[in-house]
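This report introduces a protein structure to a reader who has not met it before. The sequence and the model are shown first, and the description follows.

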Amino acid sequence: WSSDVCSSDLVTFEYDNVLNDQRMVIYRERDKILDGENVHDQIVKFFPDLVYNVVSQAIDPMQHYTEWDLAKANQILSDKLFGTHTEYLDQENTDKANFNDVYEMVLDAVNEQYEEKIAKLKADGFNFDAFERDVLLSVVDKKWVEHIDAMVNLRNGIGLRGYGGKDPLVEYRREAIGMFNQMIDAINSETAIFLFKVRIERKEAPKP
């Protein structure tokens, strides 16, 4: 280090390093997408967390199956996942079931419907592999821009932590990690729900 580097410059460098490390992670993943890497297996891995979160809203894991409000559960599953109203849960398939049973049932249904949709579209000549890449890249870019703005706000306000006897840089790093993880979760969730719910129709070319 040069002897004329002041302490404020070092602190700024430390703050910048946190964001630069996160930028390297994001751009490494973006490069894979831009290079045409197949992201289907990656996207399918987003579904378990998405389904778990939705099923957690639909039924209470702490309740006995006889206490579940199946009408409410089906409405939530329809609104959050399946798009159209469906009586997916009934007295028969929830009899003696627990939360994990329902979670596995819904996850199987989501995976099956997603693969069926892809197979049908590919049979019609639609390049769903490229579509998955485009959607993931779009969501990544949007969430990354939002994250940068949030990091700027965090950095601008983090100096106040010093008044509480806390090291602002340590607090910045801690919160930055949490915010980055939240961004990744949001990318996964938004990408998964969009790709699962999207309906693509091939229009016939007009006859001359």
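## Overall architecture

Helices here are DSSP runs of H or I with at least four residues, numbered from the N terminus. The model under discussion is a predicted one. Its secondary structure comprises seven helices and zero strands, and the order along the sequence is α-α-α-α-α-α-α.

The protein has 208 residues, of which 35% are buried. Among contacts with a separation of 6 or more, 75% link residues 24 or more positions apart. The exposed surface amounts to about 13000 Å², with 51% of it supplied by carbon and sulfur atoms.

## The nonpolar core

The largest nonpolar core contains 57 residues, and Leu 77, Leu 81 and Val 106 have the most contacts inside it. At least two residues of this core come from each of H1, H3, H4, H5, H6 and H7. H7 provides the largest share, namely eleven residues.

Leu 77 shows how such a residue is surrounded. Apart from residues up to four places away in sequence, Leu 77 touches Val 54, Val 55, Ala 58, Phe 82, Tyr 88, Leu 89 and Val 106.

## Helix H3

The twelve residues of H3 should span 16 Å at 1.5 Å a residue, and the end C-alpha atoms are indeed 16 Å apart. The buried residues of H3 are Phe 47, Leu 50, Val 51, Val 54, Val 55 and Ala 58. Viewed down the axis of H3, these buried residues fall within an arc of 125 degrees, so they line one face of the helix. In general, an α-helix has 3.6 residues a turn, so residues three or four places apart point the same way. The cover over the buried residues of H3 includes H2, H4, H5 and H7.

## Helix H4 and the loop after it

H4 departs from the span of a straight helix. With 13 residues, a straight helix would reach 18 Å at 1.5 Å a residue, but the end C-alpha atoms of H4 are only 15 Å apart. Buried in H4 are Leu 70, Ala 73, Asn 74, Ile 76, Leu 77, Ser 78, Leu 81 and Phe 82, and the buried residues of this helix pack against H3, H5 and H7. At the start of H4, a side-chain oxygen of Asp 69 comes to within 3.3 Å of the backbone nitrogen of Ala 71. Gly 83 follows H4 and has a positive phi, near 85 degrees.

The loop between H4 and H5 holds Lys 96. Most residues other than glycine have a negative phi. Lys 96, a residue other than glycine, nevertheless has a positive phi, near 65 degrees. Lys 96 counts as exposed because its relative accessible area is 64%, and the cut-off for exposed is over 50%.

## Helix H5

H5 runs over residues 99–123, 25 residues in total, and reaches 36 Å from its first C-alpha to its last, close to the 36 Å expected at 1.5 Å a residue. Its buried residues are Phe 99, Val 102, Tyr 103, Val 106, Leu 107, Ala 109, Val 110, Tyr 114, Lys 117, Ile 118 and Leu 121. These pack against H2, H3, H4, H6 and H7.

Both ends of H5 carry a local feature. At its start, a side-chain oxygen of Asn 98 lies within 3.1 Å of the backbone nitrogen of Asn 100. After the helix comes Gly 125, with a positive phi near 90 degrees.

## Two buried residues in H1 and H2

Gln 22 belongs to helix H1, residues 7–34. With a relative accessibility of 8%, Gln 22 counts as buried, since the cut-off for buried is under 20%. Beyond its neighbours within four places in sequence, Gln 22 is in contact with Trp 144, His 147, Met 151, Ala 176, Ile 177 and Phe 180.

Ile 43 is part of helix H2 and counts as buried because its relative accessibility is 0%. Setting aside neighbours within four places in sequence, Ile 43 is in contact with Tyr 114, Glu 132, Thr 191 and Leu 195. The C-alpha atoms of Ile 43 and Asn 188 are 7.5 Å apart in space, although the two residues are 145 residues apart in sequence.

Methods
Residues numbered from 1 in each chain as written. Predicted model: local features only at pLDDT ≥ 70, side-chain atom pairs only at ≥ 80, totals over all residues. Heavy atoms only, no water. Buried < 20%, exposed > 50% of the residue type's maximum accessible area, 1.4 Å probe, protein only. Contact = heavy atoms within 4.5 Å. Expected span 1.5 Å × (residues − 1). Polar contact = N/O pair within 3.5 Å; in protein donor to acceptor, adjacent residues only side chain to side chain. Core = buried A, V, L, I, M, F, W, Y, C linked by side-chain atoms within 4.5 Å. Areas by Shrake-Rupley, 256 points an atom, 1.4 Å probe, with all protein chains shown as cover. Arc of directions from axis to C-beta.
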